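Dear colleague,

I am passing on the structure we spoke about, with the sequence alongside. Please look it over first, and then read my notes below.

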Amino acid sequence: MEKSSRTSPNKGGRHPKNDPAVHRYSISLNAHENARFLSLFEESGMNAKAHFITACIFQKGIKTIKVDKTAMEYYVRLTALFGQFRAVGVNYNQAVKMLNTNFSEKKALAYLYKLEKLTIELAVLGNKIVELTQEFETNYLKKDH
């Protein structure tokens, strides 16, 4: 048997880091300080508290995320309108399928009337979505320009 030219056998696992972080520090916070720390950590959007603390110590810019209440309101209203829009679209498709499968004259007239009402409803919802989007753009997106 030939011996491998390697100096150590391959044991698998991670490759060791060139400069591992081996120095650890511990701090103690009271309840008020801890609450403040946690709120700053949440605002930063970082995933690890250790990375957040390191960024604070070495004064790398701390990223904070502010939630705009008006943007959230717009999002909630738009989501509700989208749900209504989808429901009307499903009803529209069902009416068209019924016309194709049950095409007697009386039924066709009844379904055409239903289809006409759903089409008007769909157009009204589409206009509401456009108006809401235009309102949001004029009030909140074009403030800086």
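Leaving aside residues up to four places away in sequence, Leu-132 touches Tyr-74, Arg-77, Leu-78 and Leu-81. Please keep in mind throughout that this is a predicted model, so I come back to its confidence scores further down.

Leu-132 also belongs to the largest nonpolar core, which has 7 residues and in which Leu-132 is joined by Tyr-74, Leu-81, Val-88, Leu-125, Ile-129 and Phe-136. Two elements, α3 (69-101) and α4 (105-141), each give two or more residues to this core, and the largest share, 4 residues, comes from α4. Apart from this core there is another one, of 6 residues, including Ala-95, Leu-99, Ala-108 and Tyr-111. As a general background to such groupings, nonpolar side chains in soluble globular proteins tend to be buried together.

Is Val-96, which lies in helix α3, buried or exposed? The answer is in between: Val-96 counts as partly exposed because its relative accessibility is 30%, and the range for that class runs from 20% to 50%. Between Val-96 and Ala-108 there are 9.8 Å in space, C-alpha to C-alpha, while in sequence the two residues are 12 apart.

As for the chain as a whole, its secondary structure consists of 4 helices and 0 strands, which gives the pattern α-α-α-α when read along the sequence. The chain has 145 residues, and 12% of them count as buried. If one takes the contacts between residues at least 6 apart in sequence, 46% of them join residues that are at least 24 apart.

You may also wish to look at the largest pocket, which holds about 530 Å³ of space. It is lined by 15 residues, and the closest to its centre are His-23, Arg-24, Tyr-25, Ile-53 and Thr-54. By class, the lining of this pocket is made up of 9 nonpolar, 4 polar and 2 charged residues.

Finally, a word on confidence, which I would ask you to weigh alongside the points above. The average pLDDT of the chain is 78, and 84% of the residues score at least 70. Among the elements, helix α1 (residues 31-44) has the highest mean pLDDT, at 85, whereas α3 has the lowest, at 78. In general, predicted coordinates should not be read in detail where pLDDT is low.

With best regards

Conventions
Residues numbered from 1 in each chain as written. Predicted model: local features only at pLDDT ≥ 70, side-chain atom pairs only at ≥ 80, totals over all residues. Heavy atoms only, no water. 1 Å grid on protein atoms, 1.4 Å probe; cavity = no way out; pocket = protein on both sides within 12 Å on 5 of 7 lines; lining within 4 Å. Points joined across faces, edges and corners; volume = space filled by probe spheres on them. Nonpolar A, V, L, I, M, F, W, Y, C, P; charged D, E, K, R; others polar. Core = buried A, V, L, I, M, F, W, Y, C linked by side-chain atoms within 4.5 Å. Buried < 20%, exposed > 50% of the residue type's maximum accessible area, 1.4 Å probe, protein only. Contact = heavy atoms within 4.5 Å. pLDDT = per-residue confidence, 0-100.
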